[in-house]
Amino acid sequence: MAVTWNVSSLDATKTVGSLSDVVTTVHWIATETDGEHTGYRYGSIALAEAKSSSFTAYKDITKDNAVSWAKAAIGSDEVTAIETSIALQISESKSPTVSSGVPW
């Protein structure tokens with residue numbers, strides 16, 4: 001399986017210079033499921049200041065755009081760390097090393 005990245009919400013500022021509805025923050029969730037075992041991480045990342053030369057109008061933003069922006073802002077090393085932590089969650093779920101509860 002592979003980690004699936006999604007966007008739960010975008011924060012936008014109504015006006016930045018000559019631009020309207022400028023996305024400033026991406027709220028993301030990354031998940032992977034292996035049978036009955038699931039791992040996930042979520043977070044928010046602020047985006048760099050919008051440039052008019054590469055601006056995408058809010059109504060034209062796709063999920064793929066937003067995921068790409070979030071991953072770029074997070075950075076490839078941290079994206080790898082997030083995906084590794086999800087794989088570790090699944091591994092721990094399959095073969096727990098810690099338990100909790102009471103013996104009675």
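**Exercise 1.** Determine which residues T25 is in contact with, leaving aside its neighbours within four places in sequence.

*Solution.* The model is predicted, so local features need pLDDT of at least 70 and side-chain atom pairs count only at pLDDT 80 or more, while totals for chains, interfaces and linings use all residues. Residues are numbered from 1 along each chain as its sequence is written, and side-chain values use heavy atoms, with hydrogens and water left out.

Step 1. T25 belongs to strand β2; strands (E, at least two residues) and helices (H or I, at least four) are DSSP runs numbered from the N terminus.

Step 2. Contact means heavy atoms within 4.5 Å. Apart from those neighbours, the partners of T25 are S9, L10, D11, S44, I45 and A46.

Step 3. T25 has a relative accessible area of 16% and is buried (buried is under 20%, exposed over 50%, partly exposed in between, with a 1.4 Å probe and protein chains only).

**Exercise 2.** Establish where the buried residues of helix α2 lie around its axis.

*Solution.* Step 1. The buried residues in α2 are V79, I82, S85, I86 and I90.

Step 2. Viewed down the axis of α2, these buried residues fall within an arc of 140°, so they line one face of the helix; the arc is that of the directions from the helix axis to the C-beta atoms.

Step 3. On the face of α2 turned away from the buried side are the exposed residues S76, D77 and L88.

Step 4. The cover over the buried residues of α2 includes β1 (4–16), β2, β3 (37–46) and α1.
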